[in-house]
Amino acid sequence: MEILKYPDRTQWKELCKRATMDVTTLFDTVRSVLDDVKANGDAAIRKYEKLFDKVDLDEIRVSETEMKEAESLIPDDLKDAIRVAKGNIERFHASQRFEGKKVETSPGVICWQKAVPIDKVGLYIPGGTAPLFSTVLMLAVPARIAGCQEIVLCTPPTDNGKIHPAILYAASVAGVDCICKVGGSQAIAAMAYGTETVPKVYKIFGPGNQYVTAAKQWVSLKDVAIDMPAGPSEVEVIADASAHPDFIAADFLSQAEHGKDSQAMMITTDLSIVEPLVDAIQKQLEKLPRKSITEQALSHSRIIVLKDKQEIIDFTNLYAPEHLIIQTADYAAIAGQIRNAGSVFMGEYTPESAGDYASGTNHTLPTNGYAHAYSGVNLDSFIKKMTFQEINANGIRSLGKTICVMAENECLEAHRNAVIVRLKTIEQDETI
């Protein structure tokens, strides 16, 4: 873990770099899988599941029997926790419903918007070292609230050909329609193109490894929409002398344990808290079951001491963290000046893990600086907005000249004529 004291602003851009690779270098690798699944459907899926996940699949789609079995395997306290989290996620995302208003932009010219759900969405839930059933809730709950007609979920099976029961239970609670035992780039291909078993969707959501990310970016060029570019998870903590070192360390490590390429940053103006924080990180690290993974993430994590509060704000807006935790005496004032962050956690009793699981906000967030331009997943992610307009005779009469002048000056005579023929008809009708 690197500790830097008062770096010059000329160094900031370098300090904001993440430990990520350019996934475009994997396009040639994933294209062969994508093309194979597109051409050969389920047969290609079975081939790649045997190759990559080491499993021979009899059935790609999860059966009702498997769903019931999964529910019986989930302890009651986890069922309760999933239901509570689902309720909070539901309440927060339901509050985001769009209400379009009709606007008379000119006399007789009425315009409005209508929110329409994306009919078919695909959710990718990673396998690997942790069963991310929380991500099922974060994606499926807003999709169901939005009114998506079909929600398809793909996730890699274990070597016994099964899906972790918590993922299946969360999918059932959240209202997923179709669950398939497919992982990696072959899952992205299946949802982008459709197979005999896996339905084709119009937009794909969810995190994944570098191959999944590359596959998502490739299919988004012409085949299907995606939620956002994705990368390793990250957190920035802003702290001052009033912050509790154990709290900061816990937040620092909770993000670092996601994966070896995750990154944690702590920014402060108080040099006095650096040593206590380092000690707290080391003590807590020794107790973590994912110590090895976390240590690798810490190798490219940083503690940075800056000169003043304005530097902290400026650095944060440049870094644009996925998660931003503010543990300072004046956290609300600092939060009000942050423009670039995926999700902000304010005050000493607001850990990042609350947003990851159960507070209600979404944990699918922009990483790798994409918070400069992207929002995290929200209800709008699952809808599209259609515009409508209605113009009466008085409206086309009053606006017609404006349209004609603009069309004429763009040399688009047919556009101009579409107004002229209407105006002539109105004039003829009025003379009768």
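Contact here means heavy atoms within 4.5 Å. Axes are lines fitted to C-alpha atoms, for helices over the stretch in contact, and angles run from 0 to 180 degrees between N-to-C directions. Helices (H or I, at least four residues) and strands (E, at least two) are DSSP runs, numbered from the N terminus.

The model is predicted: local features need pLDDT of at least 70, side-chain atom pairs count only at pLDDT 80 or more, and totals for chains, interfaces and linings use all residues. Residues are numbered from 1 along each chain as its sequence is written, and side-chain values use heavy atoms, leaving out hydrogens and water.

An open sheet of 6 strands with parallel pairing follows the order β1-β11-β10-β9-β12-β13; two strands pair if DSSP finds at least two bridges between them. Its edge strands, β1 (2–5) and β13 (343–346), each pair on one side only. Between β1 and β11 (residues 302–305) there are 4 bridges in the parallel sense, and K5 has V305 as its bridge partner in β11.

Two helices lie across β9, β10, β11 and β12:

| Helix | Residues | Angle |
|---|---|---|
| α9 | 245–256 | about 165° to β9 |
| α12 | 309–319 | about 160° to β10 |

W12, F315 and Y319 form one aromatic cluster; rings of Phe, Tyr and Trp (its six-membered ring) pair if their centres lie within 6.5 Å, and planes under 30 degrees apart count as stacked, over 60 as edge-to-face and the rest as tilted. R18 lies over the face of Y319, 3.9 Å from the ring centre; for such a placement, NZ of Lys or CZ of Arg is within 6 Å of the ring centre and within 35 degrees of the ring normal.
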